[in-house]
Amino acid sequence: DPQAISRQAHQLKGSAQLLGLVGLARRARQIELEAGGTRESEGRAALVRLQADWDRAHTLCRELGLIP
């Protein structure tokens, strides 16, 4: 459902911005804007890149002691 993907990406973008995770916010915004117009293969590739950004952000937060 493209609308659901767009909403989830929007929420992630906002959370990432609040935490100063610029790369993650940028990627989420890209997915938010493109959710309805991308082909399935492009959408999957975007999600793979988003996962990589999330993993980097999670590792950084853990290293900074922000999460256990």
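**Exercise 1. Decide whether E32 is buried or exposed in this predicted model, then find its salt-bridge partner.**

Step 1. Start with the accessibility of E32: its relative value is 15%. The cut-off for buried is under 20%, so E32 counts as buried.

Step 2. Now look for a side chain of opposite charge. Such side chains can pair when their charged atoms come close. For E32 the partner is K13, and the N to O distance in this salt bridge is 3.0 Å.

Step 3. Place both ends on the chain. E32 belongs to helix 2 (residues 22-34) and K13 to helix 1 (residues 2-18). With their positions 19 residues apart, the pair links distant parts of the chain.

**Exercise 2. Work out whether K13 is buried or exposed, and list which residues K13 touches beyond its sequence neighbours.**

Step 1. K13 has a relative accessible area of 12%. That is under the 20% limit, so K13 is buried.

Step 2. Leave aside residues up to four places away in sequence; K13 then touches A25, A28, R29 and E32. One of these, E32, is the salt-bridge partner from the previous exercise.

**Exercise 3. Find which residue pairs with R27 in a salt bridge, and say where the two partners lie.**

Step 1. The side chain of R27 meets that of D53, at 2.8 Å from N to O.

Step 2. R27 sits in helix 2, while D53 sits in helix 3 (residues 40-63). They are 26 residues apart, and this pair too links distant parts of the chain.

Step 3. Check the surroundings of D53: at 8% relative accessibility, D53 counts as buried.

**Exercise 4. Follow D53 to its salt bridge with R56, and state which residues make up the resulting network.**

Step 1. Between R56 and D53, the closest N and O atoms are 2.2 Å apart, which gives a salt bridge.

Step 2. Both residues lie in helix 3. Their spacing is three residues, about one turn of the helix.

Step 3. Compare accessibilities: R56 is exposed, with a relative accessible area of 52%, whereas D53 is buried at 8%.

Step 4. Put the pieces together. R27, D53 and R56 form a linked network of salt bridges.

**Exercise 5. State how many salt bridges the whole structure holds.**

Solution. A search of the whole structure finds three. You have now met E32 with K13, R27 with D53, and R56 with D53. Nicely done!

Notes: Residues numbered from 1 in each chain as written. Predicted model: local features only at pLDDT ≥ 70, side-chain atom pairs only at ≥ 80, totals over all residues. Heavy atoms only, no water. Salt bridge = Lys/Arg side-chain N within 4 Å of Asp/Glu carboxyl O. Helix = DSSP H or I, 4+ residues; strand = E, 2+ residues; numbered from the N terminus. Buried < 20%, exposed > 50% of the residue type's maximum accessible area, 1.4 Å probe, protein only. Contact = heavy atoms within 4.5 Å.
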